[in-house]
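Biologist: I would like to learn how to read a structure like this one. Could we go through it feature by feature?

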Amino acid sequence: MSSRLEAEHLYKVFGRRQNEAVERLRQGADREELRADGTTAAVIDASFTVEPGQIFVVMGLSGSGKSTLLRMLNGLLEPTAGHVRFDGQDLTELGAADLRAVRSRKISMVFQHFALFPHRSVRENAAYGLEVQGVPRAEREKRADEALALCGLAGWEKSWPDELSGGMQQRVGLARALATDADLLLMDESFSALDPLIRRDMQDQLLELQKTLKKTIVFITHDLNEAMRLGDSIAVMRDGRIVQIGSAEDILMRPADDYVASFTQDVDRSRVLTAGAVMDTAVRGDEADCGCETATPGTPFVELCALSARLTHPVAVLDEQRELVGVVPRQRVLDFLADGASDAVPCDAPRDGQVIAHA
Amino acid sequence: MPRVPFGDWINSAVDWLTNHMAWLFDLCKTVFQGTYDGIDTVLQAPQPLLLAGIFAVIAFWLRGTSAGVLAFLGFAFIDSLGLWENAMVTLSLVLVATIIALVISVPVGIWAARSSRVSGVVRPVLDFMQTLPAMIYLIPAILFFGTGAPAGIVATLIFALAPGVRMTELGIRQVDKELVEAAEAFGTTPRNTLLRVQLPLALPTVMAGVNQVIMLGLSMAAIAGMVGTGGLGGDVNEAIGQLDVGLGSEAGIAIVILAIYLDRMTSALGTQVSPLGRRAAARLRAAQGLKIWSYRPRPAVAVIGVVVLALVAGGMGVFGGGATTATADDANNVGQGKRISIGYIPWDEGVASTFLWKEILEQRGYKVDAKQLDAGALYTSLARGDIDFETDSWLPVTHEQYWKKYGNQLDDLGSWYGPTSLELSVPSYMKGIDSLEDLKGKADLFGGKITGIESSAGEMALLKSKVLKEYGLDKEYKVVDSSTPAMLAELKRAYAKKKPVVVTLWSPHWAYNDFDLKKLKDPKGAWGKGDGVHTLSRKGFAKDNPVVGTWLKDFRLEEKQLTSLEAEINKAGKGKQQEAVRVWLAKNPGLVDKLAPVQQTAATPAEAKRPVNVAWFPWDEDVAVTYLWKNVLERRGYKLNLKQMDVGPVYTGLAGGDLDLNFDAWLPYAQKNYWDKSKAHLKDLGTWYQPTSLEVAVPSYVKDVKSLEDLKGKAKTFGGRIIGIEPGTGEMTLLKDKVLPGYGLDKEYKVVDGSTPAMLAELKRAYAKKKPVAVVLWSPHWAYSEYQLTKLKDDKKLFGEGNTIRTISSSAFPKRYPQLTEWIKNFTMSEKELGSLEAEIKKRGHGHEKDAVAAWLEEHPDMVERMTPQ
């Protein structure tokens, strides 16, 4: 159903002599040099692949080029160089009309400030993409109502955007994006404008929806916690470049450079990490044979600590089929709590003679 | 610093445009005129109150009950002011201008909103259009589009365009970028983004722009009245020209009512058409609850109401509008419905003569259109041929500039009234300032400023280039360019506070009527001689319309006639000029036939069989006129026997019937004795040449002052002042240099330089209070019919004789020569014509009079037709 999204060496340069600037960037010039010439390199050599059904989070501070990158994915901005491929099509090769057709059917977008049309009712807003597609009124209203219901807004169809709270407005934005049945959902800091509690609700709802809808989602955020929560894969951007792509654990545990590391410093690991990230996959196969409590790869680190405290032996991690996928010895829990990145160093004189395997 | 000939460039550009782009302008003109005519017809057709009802229903629908009621009251008020027709003209003008402005400005605004480059180009152009004084493009507008609605529409359009473009651009640019991005992100086409997102959201702002367009259009429509668009603008213009605050306020109020109505309706419409506005209004209504005053019918109800009223109106228009215009009977239907367009400047004599001719020509079967215009506009349209003729050109001095510029594109049909004068005037409370010379060294008193009129006026040019220099005042005084209304307002203001002020004026002017002013004497004669009021026509008008041409060439009004006509028109009030003319014509039976004789016979009349015995005196003018008539009449088949005689024998011969005609009767003074002796057997066939009589006049309630000599020792009574007119006029010069010293009054009296209007105003003021006043006047002047005045006798004849040159005949002549009598009665000659003819005769020498006349007639080809129209 969903299709793979590929970005290949994407460049976006604003200002004069863009192609020349790209060439210079390829040869290793940096952003500051170009800025002196009056050109701004917003995105430099961005390549990544988003697998169908994945949530790909692009994280970075403001000005890092993440929004520009997102807009190149649906052709709102034309890349200065590079290619975007989606569903077998090279979007960068398409003409304006074809590109619009792709945008109206295959890619939809959710905006930071909701971008609801104030002159349209909630239902008309949700039905907007369908209206652009040319879906007859009756059908598009039905589908819009379904999308609204999916987002928990049943009964609000006749209201007007300005009568809704921020969270509800963004649900309308989400419903509008979902109503078109697009495979690719681009979310531009969609939850950043919401207050923390609501943001969390929305994140939960998105994850819940994703379980059933299995869309391919590119999610932009500047909030690492949000990135960790949502992202199957996370790209960290800095000054227009993607400095690291990896899972939440990769980012957290194996930062590509000091910048990423400093970024992850303040992250509450116990909230972000799960048993799956911590567990030792070198298993013997019988660790779950006892009747003790077990964890799943998704078990948050906090719970894992509690489990580990209650058990005398390492916690067994079982997948949905209740197959053993890994174990978490208590030492490992302590390691991660300590600094998260380093493995335990064996003691010169172990007192209990237990050998700790390396991860 | 080299002079950049910017003005020349513009002139040549305008010339080029007029020559090469005429098709484009004509196309625009057709479109504008067509749209305007359409809307105007629709608005003028229904009964005023019915249309007011329709407007009220629209207001009821858009804004509720109270708005509906108020709208009806407002429009009914306009109707009751008698301004309905003009209000609808203005409304049509504004609507057309608004529609066209929107058709242009909204797309341009959209374009500018989408392209910063376009915006960058458009913005300075808009600034330019909005700040360039309207008058500057009013004139080219006339050049391109002629006078009337199209020029007014263009001027209004240019002025009103800017807010439309600006607000559209602003509105679209204001739309949240994220919303536009959202629309694009869902694959909306640019067109649909505009239509579905940007325009609906920009609509309130765009509607505010529309509102501004209408408001500016309305304010401009008043100014456009100067180019003959008529309507309320014309009324305002006229009121300003006449300083008629009453009429001005009425027209102003009507404009305000229109403005408020249009403003409220468009802003309500803005709410109605914009989805956001509709929602806001609905919410407000829900909060307030339903009240009778804010109740609004549903659109369907409103539409039904409007349609029903419109149907009733339309039905009445179809069935009620019978033919009401009087049609000329067959014999007099010379015009056969031919259209003639007359332009006039809203000056008293212009209005009077224009409406007189309008009435006469209509009686003669022409369809006449009288347009009120600004002087510049008048000449431009005349030169363009948009207007056939006008009757109010002050030549050779005042309108010299125009004549120089357009003279070769115009025909001068001769002067019908004269002379007039130009002058500087001060209020008569300005003691000690009676002549231009008195201004010297008094710059402080007047703030160094002479309040002028339109800098385009001939008088201003003369003042600046000649008059001030001649009196050495050019260093001391600054002539403030302004406008006639502004000058009059300034005068009024200063006058009310008794502050010193010196203004540029001319005579005749009603200001002399309203204020107590003195015309500054012009002992050096710098202002030159007075003008004659000329009739000018477009080139070839007389050829195209030989009959009317002849009538106009023969047109001449006496003082009494003009003043009584003006008085009648003033009495009737604005908008009833033509009725006044009818009333006046009824009091002057036969005048129509005299001014516009209908030719009964052609070729040689029967009367021509008998030779005409003409007696003449060996005086220059008589030689000239006699030989002229001989030449002309012989062309018409008459035979003239010329007999040179002395005065006495001529009167005797005429009385006895031996002689038929004499062209040189100086009456009523010079040949008074002869005339009185035999007048029972003589007929006066009227004046053909008329020098003016000049005099000092006092109100007749000033007893004991009957002659100039009586003024002696009465300086106290008159405050030592004689209220003069424009300094520099012949009369003022004469008065100061010759008359006053001649009577020994120069020590005692000061002649207050001023202007004719100021003098008349002073006279009016004094007259109202029955205060003694002595004013400089001349005959003919309407003041004599307005007030009981005593022309002070000039026993020493220092002002010169006050005769006119008449044609007299034997008592049997008119019956025997009806055709000839008619011709002679209509015959006039201007000073210039007579002078040139005399010069020609003198040049050729004695015995060659015939040749001289023939040569002169070559140069005056219209003369024969003028003298003896067929």
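Modeller: Gladly! Begin with helix α22 (residues 546–554) of chain B, which lies across β1, β3, β4 and β10 of chain B and runs at about 40° to β4(B). The model is predicted: local features need pLDDT of at least 70, side-chain atom pairs count only at pLDDT 80 or more, and totals for chains, interfaces and linings use all residues. Residues are numbered from 1 along each chain as its sequence is written, while chains are lettered from A and ligands numbered from 1 in the order in which they are written.

Biologist: What do the names of helices and strands stand for, and how is an angle such as 40° defined?

Modeller: Helices (H or I, at least four residues) and strands (E, at least two) are DSSP runs numbered from the N terminus. An axis is a line fitted to C-alpha atoms, for helices over the stretch in contact, and angles go from 0 to 180 degrees between N-to-C directions. Contact means that the C-beta atoms of two residues, placed from the backbone, lie within 7 Å. With that in hand, look at helix α16 (residues 375–384) of chain B: it lies across β1, β3 (389–395), β4 and β10 (532–538) of chain B, at about 155° to β1(B).

Biologist: In what order do the strands of that open sheet in chain B come?

Modeller: First the idea: strands of a sheet pair through backbone hydrogen bonds, either parallel or antiparallel. Two strands count as paired if DSSP finds at least two bridges between them. Here the open sheet has 5 strands in the order β2-β1-β3-β10-β4 (chain B), and its pairing is mixed. At the edges are β2 (367–372) and β4 (410–417) of chain B, each pairing on one side only. Neighbouring strands of this sheet are turned by 30° against each other on average, direction ignored. Strand β1 (residues 339–344) of chain B runs parallel to β2(B), joined by 6 bridges, and B:I340 has B:V368 in β2(B) as its bridge partner.

Biologist: Which strands are at the edges of the open sheet in chain A?

Modeller: That sheet has 4 strands in the order β2-β1-β4-β5 (chain A), with antiparallel pairing. Its edge strands are β2 (40–50) and β5 (89–90) of chain A. Strand β4 (residues 81–86) of chain A meets β5(A) over 2 antiparallel bridges, with A:F86 opposite A:Q89. Helix α3 (residues 66–73) of chain A packs on the sheet, touching β1 (5–14), β2 and β4 of chain A, and its direction makes about 120° with that of β1(A).

Biologist: Why is strand β7 of chain A described as largely enclosed by the rest of the structure?

Modeller: A residue is buried if 20 or more other C-beta atoms lie within 10 Å of its own, exposed if 12 or fewer, and partly exposed in between, with C-beta atoms placed from the backbone. In β7 (residues 184–188) of chain A, 5 of the 5 residues are buried, so the strand is largely enclosed by the rest of the structure. In a regular strand the side chains alternate between the two faces of the sheet. Here A:L184, A:L186 and A:D188 point one way, A:L185 and A:M187 the other.

Biologist: Which strands pair with β7(A)?

Modeller: Strand β6 (residues 107–110) of chain A pairs with β7(A) in the parallel sense over 4 bridges, and A:I107 is matched with A:L184. Strand β8 (residues 216–221) of chain A also pairs in parallel with β7(A), over 5 bridges, and A:M187 stands opposite A:F219. From β7(A) the chain passes through helix α9 (residues 196–213) of chain A to β8(A) in a right-handed β-α-β crossover. Right-handed means that, with the strands pointing away from the viewer, the path from the first strand over the helix to the second runs clockwise.

Biologist: How many residues of chain A are in contact with chain B?

Modeller: There are 18 residues of chain A in contact with 16 residues of chain B. On the chain A side, α4 (96–105), β6 and α6 (128–133) each supply at least two residues, and the largest share, 4 residues, comes from α4(A).

Biologist: Where is B:V467, and is it buried or exposed?

Modeller: B:V467 is in helix α18 (residues 458–470) of chain B. It counts as buried because it has 29 C-beta neighbours inside 10 Å. Its C-alpha atom is 6.2 Å from that of B:W527, which is 60 residues away along the chain.
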